[in-house]
Amino acid sequence: MITPADVKVLRNQVEKAIESLEPTLVVSDDDHSSARKLIYELPDVLSDIAEGVLPSAEHIARAAITACKDIQFRDYLMGLFTEFDTKLVGGYLEIINNSVVAEYAYPATTVLSTYYFRDGDKETAMAAVLEVLDRKPDYSLAQLLVRIFPMAGNDVFTNMASALHPKVKAGIFKEGDNN
């Protein structure tokens, strides 16, 4: 079982990993190589989480940096529950969210809010989005969600992800992309 103390130790390691990786990790909306590598790792990472093993600090750092710089990877995370157990994916997002400094947490926090919302915890979902907007007022996904949450039903994200996730994944793995 993963404990809050485990995540706290991981947070210190992730902070150091971000400092060393950030200047050299090539990530953009045009270069999805980091996203592809992370996606290939996810089955093993999620299996480890299910067995109580935390992801490596390096994996968490790469996921956080990539989600900040590659919108398609962030959107991939939003639909990850269509491929894997939703509780396991939520746990993965919580680990990222709780293991990185605020500057790198906003994509994970925002995506995690959609998981809370989908599970019926609208109060926590809205609190998470408002927390992101307090730190990053111009973050467009959080701006959109703060408008959608009061009007939408729990199934809106399930339906949206079911339709969009395969397209997002195809965009990341587009044919001929050698990055």
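Helices are DSSP runs of H or I with at least four residues, numbered from the N terminus. The exercises below concern a predicted model.

**Exercise 1.** Determine where M1 lies relative to the helices, and whether M1 is buried or exposed.

*Solution.* First, locate the residue: M1 belongs to the segment that precedes α1. Next, apply the cut-off for exposure, which is over 50% relative accessible area. M1 has a relative accessibility of 85%, so it counts as exposed. Finally, list the partners of M1: apart from residues up to four places away in sequence, M1 touches D6 and G52. Of these, G52 is 51 residues from M1 in sequence, yet the C-alpha atoms of M1 and G52 are 4.4 Å apart.

**Exercise 2.** Test whether the length of helix α3 agrees with its number of residues.

*Solution.* Helix α3 covers residues 57-69, which is 13 residues. The expected span is 1.5 Å times one less than the number of residues, and for α3 this gives 18 Å. The C-alpha atoms at the two ends of α3 are 18 Å apart, so the expected span and the model agree.

**Exercise 3.** Establish how far α3 is enclosed, and by which helices.

*Solution.* Begin with the residues under the 20% cut-off for burial. In α3 these are A57, H59, I60, A61, R62, A63, A64, I65, T66 and A67. They make up 10 of the 13 residues of α3, so this helix is largely enclosed by the rest of the structure. Then identify the cover: it includes α1 (4-21), α2 (33-50), α4 (71-78), α5 (86-99) and α6 (102-118).

**Exercise 4.** Describe the packing of α3 against α2 and against α5.

*Solution.* Two packed helices are described by the angle between their axes and the distance between the axes. For α2 and α3 the angle is about 135° and the axes are 10 Å apart. This angle makes α2 oblique to α3. The contact is formed by S34, A35, K37, L38, E41, L42 and V45 from α2, together with H59, R62, A63 and T66 from α3. The crossing of α2 and α3 is left-handed.

For α3 and α5 the angle is about 85°, again with axes 10 Å apart. An angle from 65 to 115 degrees counts as roughly perpendicular, and α3 and α5 are therefore roughly perpendicular to each other. Here α3 contributes H59, I60, A63 and A64, while α5 contributes Y92, I95, I96 and S99.

**Exercise 5.** Identify the residues with the most contacts inside the largest nonpolar core, and trace the contacts of F73.

*Solution.* The largest nonpolar core contains 57 residues, and F73 and Y92 have the most contacts inside it. Its largest share, 8 residues, comes from α6. With neighbours within four places in sequence set aside, F73 is in contact with A35, L38, I39, A63, T66, A67 and I172.

**Exercise 6.** Decide whether S34 and T109 are buried or exposed, and name their partners.

*Solution.* Take S34 first. This residue is in helix α2. Its relative accessible area is 5%, so S34 is buried. Beyond residues up to four places away in sequence, S34 touches L25, V26, V27 and T66.

Now take T109, which is in helix α6. At 3% relative accessibility, T109 is likewise buried. Leaving out neighbours within four places in sequence, T109 is in contact with N97, A128, V132 and R135. The C-alpha atoms of T109 and D119, which are 10 residues apart along the chain, are separated by 15 Å.

Note on methods: Residues numbered from 1 in each chain as written. Predicted model: local features only at pLDDT ≥ 70, side-chain atom pairs only at ≥ 80, totals over all residues. Heavy atoms only, no water. Buried < 20%, exposed > 50% of the residue type's maximum accessible area, 1.4 Å probe, protein only. Contact = heavy atoms within 4.5 Å. Core = buried A, V, L, I, M, F, W, Y, C linked by side-chain atoms within 4.5 Å. Axes fitted to C-alpha atoms, helices over the stretch in contact; angles between N-to-C directions. Parallel < 35°, antiparallel > 145°, perpendicular 65-115°, else oblique. Left-handed = near helix turned anticlockwise from the far one by under 90°.
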